[in-house]
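Dear colleague,

I am handing over a structure for your consideration. Please find the sequence and the coordinates below, followed by an account of what was found.

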Amino acid sequence: MSQTPSAAGGASYASAGVDIEAGDRAVELMKEWVKKTQRPEVLGGLGGFAGLFDASALKRYERPLLASATDGVGTKVDIARQMGVYDTIGHDLVAMVMDDIVVCGAEPLFMTDYICVGKVHPERVAAIVKGIAEGCVLAGCALVGGETAEHPGLLGPDDFDVAGAGTGVVEYDRLLGADRIRSGDAVIAMASSGLHSNGYSLVRHVVFDRAGMTLDQQVEELGRTLGEELLEPTKIYSLDCLALTRTTDVHAYSHITGGGLAANLARVIPDGLHATVDRSTWTPGAIFDLVGKAGHVERLELEKTLNMGVGMMAVVPAESVDAALTTLADRGVESWVAGEITERGAHTTGAELVGDYAR
């Protein structure tokens, strides 16, 4: 009599490395954090095949435009893995997605996440989702669903990656962007919390491969360990930017991510105009100087890779500067006038940095 595969010790999902029970436990552990992100428009709970958002809430808009973005946090996840700290990387994910959405003036509505792991450790996955949920609260959006995928054989047992997608809404006639910018506008910089979530391939190469540093190494100029500095969560500006658009005449925002400050600012500068940003208006944090010196990285290379201490920029009319700075200060956001918009000359590009950083 022939045996069934299971009776003969045949293959199973578990023997292939996928633990369904661990995945179920991870879902149970994350539910309490997801609940904290709920908005009135969200229907149903965690566990469905799709997240539901009541679009009738958009009836108050005359011509609603939906804004969508998707992103990840790159090789910063390896710092989290090495340090065994999983509840902050979600802040980075939300910031990378929702701060792209708010650039056009859109209010963040909801987000979904994708967590890929080599092996499901329920508490670890729940910690990642906890960070995403906390980030969603800071951005004012709901976490309506996600996916945890176990990829044994492709990822090591402790390896993981995260990605997310978000949706926001903006009234058509409130859409921000290049067409609003005028010569004479001021460029306001908002301080970053550190490296944020870009350039970590360069940073890791410099501090580990070239400088031979370790994550638990105390670094005097940083005032903490290298690992603590590298894992500092990305600042989430979404609600601050929305507050600024309510109180001030904002023409455009630029989220400073991969490509650095000048390249990202240039994305919102229209043909015929030019943005000049004066380095002397701020001092980049110690981590930027450390990376530059440890890797003998030229300034221009640093500036096209890292944010250099500026995470978001706003372009506003000159007469709105004082109100804008006051609004941001009231919200605890360090900000300053960093530059201006002028007519573009024959040999100028969309945006450039001039001068030397303050010391």
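The notes that follow move from the chain as a whole to its sheet, its cores and some individual residues.

Please bear in mind that this is a predicted model. The chain comprises eleven helices and 14 strands. Of its 359 residues, 50% count as buried. Among contacts with a separation of 6 or more, 85% join residues 24 or more positions apart.

**The six-stranded sheet**

Six strands form an open sheet in the order 10-12-7-13-11-14, and the pairing is mixed. Strand 10 (252–255) and strand 14 (351–354) are the edge strands, each pairing on one side only. On average, and with direction ignored, neighbouring strands of this sheet are turned by 25° against each other.

Strand 7 has strand 12 and strand 13 as its neighbours in that order. With strand 13 (residues 335–343), strand 7 pairs in the antiparallel sense over five bridges. Two of the residue pairings there may be useful for orientation: Met190 has Ser335 as its bridge partner, and Val187 has Gly339. Strand 7 also pairs in the antiparallel sense with strand 12, over six bridges, and Ala191 stands opposite Val310 in strand 12.

How much of strand 7 is covered? Six of its six residues are buried. In a regular strand, side chains alternate between the two faces of the sheet. In strand 7, Ala186, Ile188 and Met190 point one way, while Val187, Ala189 and Ala191 point the other way, and all are buried.

Helix 11 (residues 321–330) packs on this sheet and touches strand 7, strand 12 (310–316) and strand 13. The direction of helix 11 makes about 10° with that of strand 7.

**Nonpolar cores**

The largest nonpolar core has 78 residues, and Phe160, Leu230, Leu265 and Met313 have the most contacts inside it. Helix 3 (residues 89–101) supplies the largest share of this core, with eight residues. Another core, of 19 residues, lies apart from it and includes Ile188, Met190, Tyr253 and Ala314.

Leu265 illustrates the contacts made by a residue of the largest core. Leaving aside neighbours within four places in sequence, Leu265 is in contact with Val187, Ser254, Ala275, Val277, Met313, Val315 and Ala351.

**Helix 2 against helix 5**

Helix 2 (residues 76–83) and helix 5 (residues 200–210) pack with their axes 9 Å apart, at an angle of about 50°. The two helices are therefore oblique to each other. Lys76, Asp78, Ile79 and Gln82 of helix 2 meet Tyr200, Arg204 and Phe208 of helix 5. By class, this contact has three nonpolar, one polar and three charged residues.

**His196**

Where is His196 found? His196 is in the loop between strand 7 (186–191) and helix 5. With a relative accessible area of 2%, His196 is buried, because residues under 20% count as such. Apart from neighbours within four places in sequence, the residues in contact with His196 are Lys76, Asp92, Thr234, Lys235, Tyr237, Asn307 and Gly311. One of these, Lys76, also takes part in the contact of helix 2 with helix 5.

**Helix 4 and helix 7**

Ala139 is found in helix 4 (residues 122–139). Its relative accessibility is 1%, and Ala139 therefore counts as buried. Although Ala139 and Asp99 are 40 residues apart along the chain, their C-alpha atoms are separated by 8.3 Å. Beyond neighbours within four places in sequence, Ala139 is in contact with Val94, Met98, Pro108, Ile236, Ser238 and Leu239.

Ser238, one of these contacts of Ala139, is among the buried residues of helix 7. Helix 7 (residues 238–247) is mostly covered, with seven of its ten residues buried. The buried residues are Ser238, Asp240, Cys241, Leu242, Ala243, Leu244 and Thr245.

To return to the main points, the sheet has the strand order 10-12-7-13-11-14, strand 7 has six of its six residues buried, and the largest nonpolar core has 78 residues. His196, in the loop between strand 7 and helix 5, and Ala139, in helix 4, may serve as starting points for your own inspection.

With kind regards

Definitions and conventions: Residues are numbered from 1 along each chain as its sequence is written. This is a predicted model: local features need pLDDT of at least 70, side-chain atom pairs count only at pLDDT 80 or more; totals for chains, interfaces and linings use all residues. Side-chain values use heavy atoms; hydrogens and water are left out. Buried means under 20% relative accessible area, exposed over 50%, partly exposed in between (1.4 Å probe, protein chains only). Helices (H or I, at least four residues) and strands (E, at least two) are DSSP runs, numbered from the N terminus. Axes are lines fitted to C-alpha atoms, for helices over the stretch in contact, and angles run from 0 to 180 degrees between N-to-C directions. Angles under 35 degrees count as roughly parallel, over 145 as roughly antiparallel, 65 to 115 as roughly perpendicular and the rest as oblique. Contact means heavy atoms within 4.5 Å. Ala, Val, Leu, Ile, Met, Phe, Trp, Tyr, Cys and Pro count as nonpolar, Asp, Glu, Lys and Arg as charged, and the others, Gly among them, as polar. A nonpolar core is a set of buried Ala, Val, Leu, Ile, Met, Phe, Trp, Tyr and Cys residues joined through side-chain atoms within 4.5 Å. Two strands pair if DSSP finds at least two bridges between them.
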